[in-house]
Amino acid sequence: MAEQGEDSKIAILAALGANAGIMVAKFIGAFITGSSAMLAEAVHSVADTGNEALLLVGRNRADQPADALHPFGYSRNRYFYSFVVALVLFVMGSLFAINEAIHKIRFPEEIASAWVAIGILGVSLVLESASFRTARKQSAPLKGKNSWWYFIRHTRNPELPVVLLEDAGAIIGLLFALTGVSLSVLTGNAVWDGIGTLFIGILLGVNAVILIVETKSLLIGEGATAKDDTAIRSALLTDPRIERVIRMQTQYLGPQDLLINAEIALHAGLDITQVSEVIDAADHRIRAAVPNVCTIYLEPDVFEPGRAHDAPMRPYR
């Protein structure tokens with residue numbers, strides 16, 4: 001569905017613009033003040049800016065037409081690049097910040113021009129909040145009445161959870177940096193700057209691990225949601241000539257590309273023309289019920305109670 005794609009693109013572009021400007025300001029502030037928290041936040045913004053660019057690359061490559069090598073298309077590029085983003089966030093953001101924090105805690109250095117750092121961090125907080133607000137707005141229609149945690153865990157859109165967690169992490173990270181710099185000024189002890197940096201690194205690591213787990217699951221291949229699964233089965237069984245769904249397998253090839261393979265038991269006595277009509281009608285009903293379906297394979301068969309059909313599956317996440 002094009003609307004979902006545009007939602008994530010708007011969120012990515014808003015985050016890219018905010019992070020690029022913030023990155024420059026933070027590096028200037030880190031150079032002037034010598035604050036490790038400011039430097040960690042600057043590198044964090046470098047990672048975030050690069051990540052938004054990678055998400056756009058993934059979206060662009062996902063639009064390539066299907067070919068002989070990839071007959072189902074390239075939609076899974078969006079999952080792959082989101083996974084790369086999670087790894088970059090962990091390596092460039094978390095590990096760098098933790099390493100810098102350990103150094104600053106062991107060898108604290110006085111912060112010069114602390115008010116410059118506080119001013120830059122304050123402006124960055126405003127810009128990150130605006131980006132986060134845009135991401136929330138674009139994600140809201142997909143989230144529906146569910147919680148934000150449920151949305152991050154269950155959405156098949158890979159970019160919006162990345163942008164949401166990046167922006168939320170950036171806001172909390174900026175608050176850690178502000179706290180660390182402020183306490184360093186108030187107490188005259190620069191160790192607080194290193195402690196603030198350490199919290200930033202831990203926060204980025206937590207965000208990165210969540211994204212790695214979720215995008216890995218999408219990359220391997222997730223099936224239809226419980227809601228869509230129910231809608232597909234209902235669309236099939238609406239026709240009384242379809243007696244039961246013997247077996248059904250689904251997989252998201254991309255955020256708007258759902259593959260369905262189903263074995264259905266038809267009423268005895270149908271001729272080949274009627275079977276064809278039943279399958280064509282079922283195809284149309286499924287596409288009307290679940291608009292993001294791209295490919296449907298329906299296999300008519302005879303249900304045999306003694307034969308194993310559907311393999312037992314784990315419940316939906």
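## Annotated transmembrane domain

In an unreviewed UniProt entry, the feature "domain: Cation efflux protein transmembrane" is placed at residues 12–219. In this structure, which is a predicted model, the span 12–219 is 84% helix and 0% strand, and its end C-alpha atoms lie 20 Å apart.

The unreviewed UniProt entry also lists residues 12–32, 79–99, 111–132, 168–188 and 195–213 under "transmembrane region". Among these, residues 12–32 are 100% helix and 0% strand in the model, with the end C-alpha atoms 30 Å apart. For residues 168–188 the helix content is 95% and the strand content 0%, and here the end C-alpha atoms are again 30 Å apart.

## Division into domains

The protein is divided into domain 1, covering residues 1–220, and domain 2, covering residues 226–310. The contact between them draws on 11 residues from domain 1 and 12 residues from domain 2, while the C-alpha centres of the two domains are separated by 42 Å.

## The interface between domain 1 and domain 2

Between them, domain 1 and domain 2 bury about 1000 Å², of which 55% is on carbon and sulfur atoms. On the side of domain 1 that touches domain 2, the elements giving two or more residues are helix 1 (2–33) and helix 3 (77–106). The residues on that side of domain 1 comprise four that are nonpolar, four that are polar and three that are charged.

Although charged residues are present on the domain 1 side, zero salt bridges are found across the interface of domain 1 and domain 2. Polar contacts do occur there, with a count of five residue pairs between the two domains, both residues of each pair being at pLDDT 80 or more.

## Salt bridges

For the structure as a whole, the count comes to eight salt bridges. One of the pairs that meet in a salt bridge is Glu159 with Arg78, whose side chains are placed with an N to O distance of 2.7 Å. This pair links distant parts of the chain, since Glu159 belongs to helix 6 (residues 159–187) and Arg78 to helix 3, with their positions 81 residues apart in the numbering. Helix 3, which carries Arg78, is also one of the elements that give two or more residues to the side of domain 1 touching domain 2.

Notes
Residues are numbered from 1 along each chain as its sequence is written. This is a predicted model: local features need pLDDT of at least 70, side-chain atom pairs count only at pLDDT 80 or more; totals for chains, interfaces and linings use all residues. Side-chain values use heavy atoms; hydrogens and water are left out. Domain bounds come from an automatic or database domain assignment. Contact means heavy atoms within 4.5 Å. Buried area is the accessible area (1.4 Å probe) that two parts lose on being put together, summed over both. A salt bridge is a side-chain nitrogen of Lys or Arg within 4 Å of a carboxyl oxygen of Asp or Glu. A polar contact is a pair of N or O atoms within 3.5 Å; within protein, one must be able to donate a hydrogen and the other to accept it, and residues adjacent in sequence count only if both atoms are side-chain atoms. Helices (H or I, at least four residues) and strands (E, at least two) are DSSP runs, numbered from the N terminus. Ala, Val, Leu, Ile, Met, Phe, Trp, Tyr, Cys and Pro count as nonpolar, Asp, Glu, Lys and Arg as charged, and the others, Gly among them, as polar. UniProt positions are given in the numbering used here, feature names are shortened, and annotations may be inferred rather than shown by experiment.
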